[in-house]
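Here's a quick tour of the structure for anyone who wants their bearings before going back to the bench. Have the sequence and the 3D view open as you read.

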Amino acid sequence: MDHGALDLSRLQPVLPSPLQPAEDERFARHGVTLLLKRDDLIHPDLPGNKWRKLVPNLRAAADRTVLTFGGAWSNHLRATAAAGRLLGFPTIGVVRGDELAHRPLNPSLAQCAADGMRLHFVDRTTYRAKTSPEVLEGLLSLFGDCAVVPEGGSNAPAAQGCTELGRELRGRTGTVAVACGTGGTLAGLAAGLGEHQRALGVPVLRGGFLGAAVRDLQREAFGGPAGRWSLDERFHFGGYARTTPELHAFADDFEDRHGLPVERLYVAKLLYGLTVLAGEGAFAPGSTVTAVVTGRP
């Protein structure tokens with residue numbers, strides 16, 4: 001397989017993804033229009049930002065095995081494994097937590113394995129050092145020549161791939177908001193928007209590290225800062241994979257109002273944050289805010 005042989009068009013992605021109005025009095029009473037950018041509808045196995053971030057990396061990998069990283073419930077691992085099955089290339093998932101090697105696979109990792117991904121469990125100390133030359137060299141000596149894709153798929157090619165999301169929304173909205181894990185989607189989204197638009201990131205992890213990560217990604221991908229973006233760090237609900245009864249109640253209510261299946265770890269936190277911000281008057285009357293639906297439950 002060469003670069004030209006990886007025919008991603010045969011996966012028949014829905015692009016550009018649909019842009020749908022969501023009539024919601026919590027926004028309307030402040031004169032704000034809410035739109036939903038349905039990236040979750042791009043592809044059944046590679047939904048949302050997984051498509052936008054993975055595709056450039058898969059093109060760069062050509063015919064090599066793709067090795068990547070994730071936790072026990074990683075959407076990124078599932079999407080990479082699905083891409084390997086659909087397009088016929090080998091995948092290896094380096095999974096955080098060596099204790100998992102001796103337990104039955106959870107549904108997420110079982111799906112990865114069913115899609116042909118080879119799972120390699122490492123202890124948490126090794127996983128934290130996964131970008132170090134020593135750990136990477138050890139993995140490559142174990143598995144041979146691989147194309148290494150970082151955790152969450154966020155690197156310069158991924159950020160470049162996500163500029164298309166911004167371009168699809170040019171002239172359609174004032175603010176585009178996205179839930180953030182590793183920052184790749186926000187970095188590319190901001191770069192693709194027009195000069196009078198802005199991107200808002202809602203981190204789903206604690207720690208305050210994301211601003212530096214986005215700046216680093218933009219420097220790698222675009223040579224420096226690109227577009228207008230900001231972060232609101234208040235809506236992580238305790239950190240990655242953490243939720244609360246309040247968040248679940250909000251998501252259930254949003255599903256009832258809009259008929260949208262709301263993914264809880266990213267999308268629910270984004271929509272909750274936007275509802276709070278609208279109530280705080282963060283968006284000018286007459287403005288339009290777009291929430292990017294990056295994944296499915």
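Let's start at the front end: Pro16 sits in the segment before S1, and the peptide bond leading into Pro16 from Leu15 is cis, with omega near -5°. Keep in mind that this is a predicted model. After that come the sheet, a pair of packed helices, helix H6 and a couple of unusual backbone angles.

**The six-stranded sheet**

- The sheet is open, its six strands run in the order S1-S2-S10-S7-S8-S9, and the pairing is mixed.
- Strand S1 (19-21) and strand S9 (229-231) are the edge strands; each has a single partner strand, so one side of each has no neighbour in the sheet.
- Going from one strand to the next, the twist averages 25°.
- S1 and S2 are antiparallel and joined by three bridges, with Pro21 standing opposite Leu35 in S2.
- S2 also pairs with S10, this time in the parallel sense and over five bridges; Lys37 has Val292 in S10 as its bridge partner.
- How enclosed is S2? Four of its five residues are buried, so S2 is largely enclosed by the rest of the structure.
- Strand S7 (residues 175-180) and strand S8 (residues 198-203) run parallel, held together by six bridges, and Ala177 is partnered with Leu200 in S8.

**Helices H10 and H11**

- Helix H11 (residues 267-279) lies across four strands of that sheet, namely strand S2 (33-37), S7, S8 and strand S10 (288-292).
- Relative to S10, H11 runs at about 165°.
- H11 also packs with helix H10 (residues 245-258), at an angle of about 85° and with the axes 10 Å apart.
- Angles of 65 to 115 degrees count as roughly perpendicular, and H10 and H11 are therefore roughly perpendicular to each other.
- On the H10 side, the contact uses Glu246, Leu247, Phe250, Ala251 and Phe254; on the H11 side, it uses Ala268, Lys269, Leu271, Tyr272 and Thr275.
- By residue type, the contact of H10 with H11 splits into seven nonpolar, one polar and two charged.

**Helix H6, a two-sided helix**

- Which residues of helix H6 (residues 133-143) are buried? They are Val135, Leu139 and Phe143.
- These three cover an arc of only 50° around the axis, which puts them on the same side of H6.
- The spacing fits the textbook picture: an α-helix has 3.6 residues a turn, so residues three or four places apart point the same way.
- The face turned away from the buried side carries the exposed residues Glu134, Glu137 and Ser141.
- The buried residues of H6 pack against strand S3 (65-70), strand S4 (91-96), strand S5 (118-122), helix H5 (124-128) and strand S6 (146-148).
- Right after H6 comes Gly144, with a positive phi near 85°.

**Positive phi outside glycine**

- Gln12 has phi near 55°, a positive value even though the residue is not glycine, and its place is in the segment before S1.
- Is Gln12 buried or exposed? With a relative accessible area of 67%, Gln12 is exposed.
- Phe237 isn't a glycine either, yet has a positive phi of about 55°; look for Phe237 in the loop between S9 and H10.
- Phe237 counts as buried, at 15% relative accessibility.

Notes: Residues numbered from 1 in each chain as written. Predicted model: local features only at pLDDT ≥ 70, side-chain atom pairs only at ≥ 80, totals over all residues. Heavy atoms only, no water. Buried < 20%, exposed > 50% of the residue type's maximum accessible area, 1.4 Å probe, protein only. Arc of directions from axis to C-beta. Contact = heavy atoms within 4.5 Å. Pairing = 2+ DSSP bridges. Axes fitted to C-alpha atoms, helices over the stretch in contact; angles between N-to-C directions. Parallel < 35°, antiparallel > 145°, perpendicular 65-115°, else oblique. Nonpolar A, V, L, I, M, F, W, Y, C, P; charged D, E, K, R; others polar.
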